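Trainee: Could you take me slowly through one place where two helices pack against each other? I would like to follow it residue by residue.

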Amino acid sequence: MIGASDREDRSLMLHAALDGELDAAGVIEMERALAADRNLAAEYARLEALRQAIRTQAPRERAPEALRARIIAAAGSSEADARHLTLDTRILKRPSWRTFAAAIAATIVVAVGVQNLISTTGSPDEATLAVVAGHMRGQISGQPVDVASSDRHTVKPWLAAKLPVAAMVVDLAPEGFELLGGRIDIVGGNPAPTLVYKRRQHLVSVTELRAKIADYPATPRRKTLDGYPVIIWKDDARAYAAVSDLAPMELDAFVAAFRKAAAKERGQTGETEGGQG
Amino acid sequence: MTSEAARRRFTEQVLPHLDDAYTLARWLTGNPTDAEDVVQDACMRALRALDGAPVEHPRAWLLAIIRNTAFTWLAKNRPHAVVLAGGAEEAHAHQGALEEQAAPTPEEALIAKADRESVAAAIDVLPIVFKETLVMREINGLSYREIAETTGAPIGTVMSRLARARTLMIDKLGRMA
């Protein structure tokens, strides 16, 4: 005769077995009990069926992107930096925010400029700040790229399909910077193609902007914004800003490699892809 | 004012668990809009708390904040739900865990083929303490120990609540089919 309390213990054991919470001895004991007791085995089958039903019909949900974006913005803006507050607020109001939030990897961002890229932004510095914010947001969201591919022939068409201007996409794997993919940042209210490369655990974002508007120097110049080393420069009609948490010297190496590869790419295509003007 | 360290910890320890946070809030409040409010409010509380020390088990910690925030919200907006919870568990304590097991029970095949609406409805009608335990275990995938940490209940209580929640669901789904 099994008392109510024994039956309850037995039942709790059954649940613990289902949940993988029994120790080895408990598992053996439960296996014996299941083999000997049809009712217990039937109960176990029901519990498994219930688990199956919950797993398939009530899966863990993904937090809405808009919520994620609001939280990231709220967390960021609680710092004493009013510049960011206004920057974030403006970006949040834009319909393309979703794309923006989903973007960003870890550390080197190259953004490519588009028509009127900076015209609504007061100064090139503000544009650079937006590039850094994009990079940070990518790291925070854990989703640095919208299109993930180490193949530039995948990334480039993806960007091209969404932007009026073809972006410069180069393969830097031989130089030790693996292409992770691309995303589109919002700089001054306009989309800016951004490539994300990876070295070790560090990310580099490179954002391409229109040189006419961003007014970056022809010789790469390094500055520090929000603790991130940023290198800005321009080549022909394009301006670039590279951001990373890499050591500044490594970011220098990245920029050198990127410029070299970009020059080669321009030579091959006769710089017809810019479509500027 | 939030320190740089708190923001970094927030990024590293809170943001990765946002889906879990939202899912729990979704079930506790019963609708997506209120869940968003609860999650946002809870995250701001978490951010402020991170100004102190780093936390040891970020997911359980965050879910505990979600839970507290959701209960505050429920007490304000659905006082009925919270009252019911206490009553149900008390009744259960006197009754012995799975007394109703004696009644004929549905086939597992019926349960396995329950559709989305039935499963959601069966979870929704659970008294809140059973519901949160079931959601944390089956949907968030927390261990007994983590659920105990999150809810502040002893592991034995977690186990009996979970067993009770599952029995109620099996009952309900068996009757729906």
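**A helix pair in chain B**

Mentor: In α1(B), the residues B:Ala6, B:Phe10 and B:Val14 meet B:Cys43, B:Ala46 and B:Leu47 of α3(B), where contact means that C-beta atoms, placed from the backbone, lie within 7 Å, and helices are DSSP runs (H or I, at least four residues) numbered from the N terminus. By class, this contact of α1(B) with α3(B) holds six nonpolar residues, with no polar and no charged ones (Ala, Val, Leu, Ile, Met, Phe, Trp, Tyr, Cys and Pro count as nonpolar, Asp, Glu, Lys and Arg as charged, and the others, Gly among them, as polar). The model is predicted, and local features need pLDDT of at least 70, side-chain atom pairs 80 or more, while totals for chains, interfaces and linings use all residues. Residues are numbered from 1 along each chain as its sequence is written, and chains are lettered from A in the order in which they are written.

As for the geometry, the axes of α1 (residues 4–14) and α3 (residues 32–49) of chain B come within 9 Å and cross at roughly 130°, the axes being lines fitted to C-alpha atoms over the stretch in contact, with angles from 0 to 180 degrees between N-to-C directions. The two helices, α1(B) and α3(B), are therefore oblique to each other (not under 35 degrees, over 145, or 65 to 115).

Chain B also touches chain A, in a contact that takes 46 residues from chain B and 36 residues from chain A. Both α1 and α3 are among the helices of chain B that each supply at least two residues to that side, although α10(B) gives the most, with eight residues.

Methods: Contact = placed C-beta atoms within 7 Å.
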